[in-house]
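Colleague: Could you walk me through this model and show me how to read its features as we go?

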Amino acid sequence: MHPVPNEITQVYAQADELYSAADVSAAIDRMAEAINSTMGDRNPVVYSVMNGALVLTGHLVTRLTFPLEISYLHATRYRNETHGSSLDWRAFPMQDVKDRSVLIVDDIYDEGGTLAAIVDHCHAAGAEEVRVAVLINKIHDRKVRPDMAIDYIGLECVDRYVFGFGMDYKGYWRNAPGIYAVKGM
Ligand SMILES: O=P(O)(O)OC[C@H]1O[C@H](OP(=O)(O)OP(=O)(O)O)[C@H](O)[C@@H]1O
């Protein structure tokens, strides 16, 4: 058996809970209500940004009450580390979005380099409109494109490294049910 690193066990035990599972569920309810009332007639392609959006996407789409198609892409800037670098496209978007409405779903809008590249890609591919939904907006003044529209935001968080509900700490704890901040980060 491959042992779990001690650091991984410790990080969850020592983390600060920012939002409980119930808080997250209520936030997704609010996001879904807003999306249902603004995109119900758009027949969108919902693009889930792997890996972080895996958990949110599953919860969110079951609350959406209109026809939609689901696809995925994988773009990573953090590569299971806690600092971002250049964007690495690991699964390029494959669904044809020409003249389509697109809803990009991601777990966290941090510095925004990932979402900026994905939004630009969808526009370049001919999308009619591109909207963005994130569970967490991290509050700081390092956004790479401060005027980028984030249409649906679940929760805001302080400028700390967070994990849970899809977000990882060194590849682990995407399965944690709430949102947690790493001690000292
Ligand atoms: O706003 P940014 O500073 O660009 O950071 C946000 C992005 O970083 C995370 O992905 P990550 O690169 O960790 O890949 P992963 O989803 O596979 O963990 C997260 O899922 C977002 O996609």
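Modeller: Start with polar contacts to the ligand, meaning pairs of N or O atoms within 3.5 Å. In this predicted model, a backbone N or O atom of Gly52 lies 2.9 Å from an oxygen atom of the ligand. A backbone N or O atom of Arg77 is 2.7 Å from a ligand oxygen, and a side-chain N or O atom of Asp107 is 2.6 Å from one. Taken alone the ligand exposes 490 Å², of which the protein buries 96% (Shrake-Rupley areas, 1.4 Å probe).

Colleague: What do the numbering and the cut-offs rest on?

Modeller: Residues are numbered from 1 along each chain as its sequence is written, and side-chain values use heavy atoms, with hydrogens and water left out. As this is a predicted model, local features need pLDDT of at least 70 and side-chain atom pairs count only at pLDDT 80 or more, while totals for chains, interfaces and linings use all residues.

Colleague: How many residues surround the ligand?

Modeller: A residue is counted if one of its heavy atoms lies within 4 Å. Here that gives 17, the closest being Arg77, Asp106, Asp107, Gly112 and Thr114. By class, the shell has 3 nonpolar, 7 polar and 7 charged residues, with Gly put among the polar ones.

Colleague: Which helices and strands each supply at least two residues of that shell?

Modeller: Helices (H or I, at least four residues) and strands (E, at least two) are DSSP runs, numbered from the N terminus. Strand S3 (69-76), strand S5 (101-109) and helix H4 (113-124) each supply at least two, and S5 gives the most, with 3 residues.

Colleague: And how do I read salt bridges?

Modeller: Look for a side-chain nitrogen of Lys or Arg within 4 Å of a carboxyl oxygen of Asp or Glu. That rule yields 15 salt bridges. One of them joins Asp29 and Arg63, with the closest N and O atoms 2.7 Å apart. Asp29 lies in helix H2 (residues 21-39) and Arg63 in the loop between helix H3 (54-61) and S3, so the pair ties together parts 34 residues apart in sequence.

Colleague: Which peptide bond is cis?

Modeller: The one from Met50 to Asn51, with omega near -5°. Asn51 is in the loop between strand S2 (45-50) and H3.

Definitions and conventions:
A polar contact is a pair of N or O atoms within 3.5 Å; within protein, one must be able to donate a hydrogen and the other to accept it, and residues adjacent in sequence count only if both atoms are side-chain atoms.
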